[in-house]
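Me: I'd like to learn how to read a few features off a model. Could you take me through this one?

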Amino acid sequence: MIENNELSMNIESRLSFEEFRKEVLNDYRLACESREVSLLARREVLTGKAKFGIFGDGKEVAQVAMSKYFKPGDFRSGYYRDQTVAFATGIATPEQFFSQLYADPDQQHDPFSGGRQMNSHFATPNLDKDGNWLNLTAMRNSAADMAPTAGQMPRSLGLAYASKMFREVEALHDFKNLSENGNEICFATIGDASTSEGHFWETMNAAGVLQVPLAVFVWDDGYGISVPRKYQTTKNSISAALEGFRKADGTNGFDIYNVKGWDYAGMCEVFENAIRKIRETHVPALFHVEEITQPQGHSTSGSHERYKSKERLSWEKDFDCNLKMRSWIIENALSDEDTLSKIEADAKTLAQEARRAAWEKYISPIKEEVQRFISLAAPVAAIPGANAAFVEKEIRELQANREPQRRDIFKAAAAILVRHKSLHTDAVIQALQQYYNNYQLAEKNNYNSLLHATGVNSALNVPVVPAVYGEEGITLNGYEILNKYFDQLFSSNPKVFAFGEDVGKIGDVNQGFAGLQQKHGPLRITDTGIRELTIMGQGIGMALRGLRPIAEIQYLDYLLYGLQPLSDDVATLQYRTKGIQHCPIIVRTRGHRLEGIWHSGSPMGMIINSLRGIHVCVPRNMVQAAGMYNTLLQANEPALVIESLNGYRLKEKLPANLDAYTVPLGIPEVLKEGTDVTLVTYGSMTRIVEEAMVTLEELGISCELIDVQTLLPFDIHHSIVESLKKTNRIVFIDEDVPGGGTAYMFQQVMEQQGGYRWLDVAPRTISAQAHRPAYGSDGDYFSKPNTEDVIQVVMQMMEE
């Protein structure tokens, strides 16, 4: 006789087993579906329907196992082979994957990039159009992917570091939509060969020091494209090479786990316990996922048969993760052959349907556009004097194209219009021209829009609040003004954090944060190691999660160390996600004139050309800098603020509304009006120019001095050309190399604003020498523009 409690236990056991079985079969289904998507997608590239493909075949089972422990609120910061993760977590569907493969610009079809990124580059929104942060704790989140190898690592640190702040800073506990007590993990994924990049090593070191919930999964398939692992990694193993970083009792560091990419049960067991530990303790971990295969090779650009031995290829077939999981299911009596065969057949069908639906959604609007164009182009052939044969040829070629692209329509329309320019007054030509113009505007929206945020998220839409000065006229050193400003800021906005080299205990090298760590705490104002790359990453990840980091580069000369994530990740983010993801990081640094090669940098040409998509602010003093910070903190856009290195101990008047006044971006300020020549500059050079103007005024030359205030954006209302209309002479002055920042300003005013029309004499640029500045006061004088240079150039212009 079976006792009631024993019967109950048996029933529960059977139910538990059945649930387990269903879960396993669902995981196998996901692995099969992802594999079929890879196989079909490669075929689409090779037949010409897509331009390029890079897929996650061979990593399906490992990624399914990982995804089981990826919870709402967590962030993925990944690798362009993470399609299975995206499918398993619900971040993407197979149909959306194919839409991105076809570069479909319709954001309803490719919600991650609107056709702007290649396949397996996923992103989830973090802000709405009204400037409100979404409920990130209810979402499975993905930072926008990018292709530079290991480029995802710096921001991964920041995404994990944000959880540490949300847990440990009490003032953040109320932001329930952003974090649930810092329980969120950043799941970072990377290919084994990419661990050779410095980004990986700097990130792992920083994570070990900071103790943040970062789970790093290394997919090890034994190769970096064609180069075997033994030429990539010390000891032929990234986990062995990192052994010294392993956390032990009483030390920091991270945990290290080794698993086999084909061992479903083993991975699930390790991942479950390890991820729970990361979530609870914030101890980071490295998961070295070994024995991964690559059934289709690296990408559609070549065949792996060219560089893998027959023995390796044979091993990869035997240890294919999907086949190994299938065998494990059978061996453990979790299913039978017929059930698994049906799952596999259904996976093929699903992938084919996803491909078909995505292609139809992509091609149908284009074919409709072809017919619309033909209906307008065909009548051109009947116009007296038209080249009917040419028109008919263009139409025939377009009709014969079974897979037309938008550019094919544009090319045909442009070819017909340019050959019938003499008939531009004809109504038929005008109708075709109007169609062409409207279509061009639509495609500009598809391909050339949203480099910056719009609406309330845009810094350009922040209301202007002028500085107000009290009657007492308090005057302070520049660094003291910044110190007062930051004190007020940190007292009023709990989301603001500042960190960098020497920012904390000593209050930064120029004392802008002096005493503020002691007042606001070491978590709000923090010292870091000498690691500019991951200081930027720390800020990027925090900004993606709704915090407002001020990430410091101690000197502008060292921005190069952190330039890659700013250029490839932050500057492109709005554009490549078509406006769905925002990263309002503020990078604070100081530069321009000082002493010596490495502390007087002004590489503005490099900055403005590599950081399109980031606002670049160049304040001449610290009051102006404070106003720019206020503007930026009311918007949701990234910015670089370059304070004048030799301005911290210069006296300035303290505004009464220091915490409220704003400086509009892209609006130059006329510091002194004049009638003879317009002098355009910014930053520390304004003081050099002002000194020169004293002498020029004595010589009877009236100069109008304009401080551009920001280089990106630059003079959005074209006010500089209005000055040029008055003076008919203009000089652009800065401290960059010849052809750098001055050439940029020259192009903006002469070409964009049409300034050449108002010139009486040739315009001039005054820049630094082509070399880095020499050391010492004389080195500075002879390396950078000086007062006498400005006087001499202006006098020469007046004599012409």
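Me: How many residues of strand β3 (residues 186-191) are buried?

Reply: Some ground rules before that. This is a predicted model, so to speak: local features need pLDDT of at least 70, side-chain atom pairs count only at pLDDT 80 or more, and totals for chains, interfaces and linings use all residues. Residues are numbered from 1 along each chain as its sequence is written, and side-chain values use heavy atoms, with hydrogens and water left out. Buried means under 20% relative accessible area, exposed over 50%, and partly exposed in between, using a 1.4 Å probe and protein chains only. Helices (H or I, at least four residues) and strands (E, at least two) are DSSP runs, numbered from the N terminus. With that, 6 of the 6 residues of β3 are buried.

Me: Which residues of β3 sit on each side?

Reply: In a regular strand the side chains alternate between the two faces of the sheet. For β3, one side carries Cys-186, Ala-188 and Ile-190, the other Phe-187, Thr-189 and Gly-191, and all of these are buried.

Me: What is the strand order in the open sheet of 6 strands?

Reply: Strands of a sheet pair through backbone hydrogen bonds, either parallel or antiparallel. The criterion here is that DSSP finds at least two bridges between two strands. The order is β2-β1-β3-β4-β8-β7, with parallel pairing. The edges are β2 (141-142) and β7 (255-260), each pairing on one side only.

Me: How many bridges join β3 to strand β4 (residues 214-219)?

Reply: There are 6, and the two strands run parallel; Ile-190 has Val-218 in β4 as its bridge partner. Strand β1 (residues 75-77) also pairs with β3 in the parallel sense, over 3 bridges, and there Ser-77 stands opposite Ala-188. Out at β7, 6 bridges give parallel pairing with strand β8 (residues 285-290), and Asp-255 is matched with Ala-285 in β8.

Me: Which handedness does the crossover from β7 through α8 to β8 have?

Reply: Point the strands away from you: a crossover is right-handed if the path from the first strand over the helix to the second runs clockwise. The β7-α8-β8 crossover is right-handed. Another right-handed β-α-β unit is made by β3, helix α6 (residues 198-210) and β4.

Me: How many aromatic pairs are there?

Reply: A pair of aromatic rings is described by the distance of the centres and the angle of the planes. Rings of Phe, Tyr and Trp (its six-membered ring) pair if their centres lie within 6.5 Å; planes under 30 degrees apart count as stacked, over 60 as edge-to-face and the rest as tilted. That rule gives 38 aromatic pairs. Take Phe-97 and Phe-98: their centres are 5.8 Å apart with planes at 90°, so they are edge-to-face. Both of these residues are buried. Phe-217 and Phe-271 are edge-to-face as well, because their planes lie at 85°, with centres 5.3 Å apart. This pair links distant parts of the chain, since Phe-217 is in β4 and Phe-271 in helix α8 (residues 264-281), 54 residues apart.

Me: Which residues do ring pairs link into a cluster?

Reply: Phe-55, Phe-87, Phe-97, Phe-98, Tyr-102, Trp-359 and Tyr-362.

Me: Where does the charged end of Lys-324 sit?

Reply: For a charge over a ring, NZ of Lys or CZ of Arg must be within 6 Å of the ring centre and within 35 degrees of the ring normal. Lys-324 sits over the ring of Trp-262, 4.6 Å from its centre, and it also lies over the face of Phe-319, at 4.5 Å from that ring centre.

Me: Is Glu-369 buried or exposed?

Reply: Glu-369, in helix α11 (residues 337-377), is buried because its relative accessible area is 14%. A polar contact is a pair of N or O atoms within 3.5 Å; within protein, one must be able to donate a hydrogen and the other to accept it, and residues adjacent in sequence count only if both atoms are side-chain atoms. The Glu-369 side chain makes one with the side chain of Tyr-435, at 2.9 Å.
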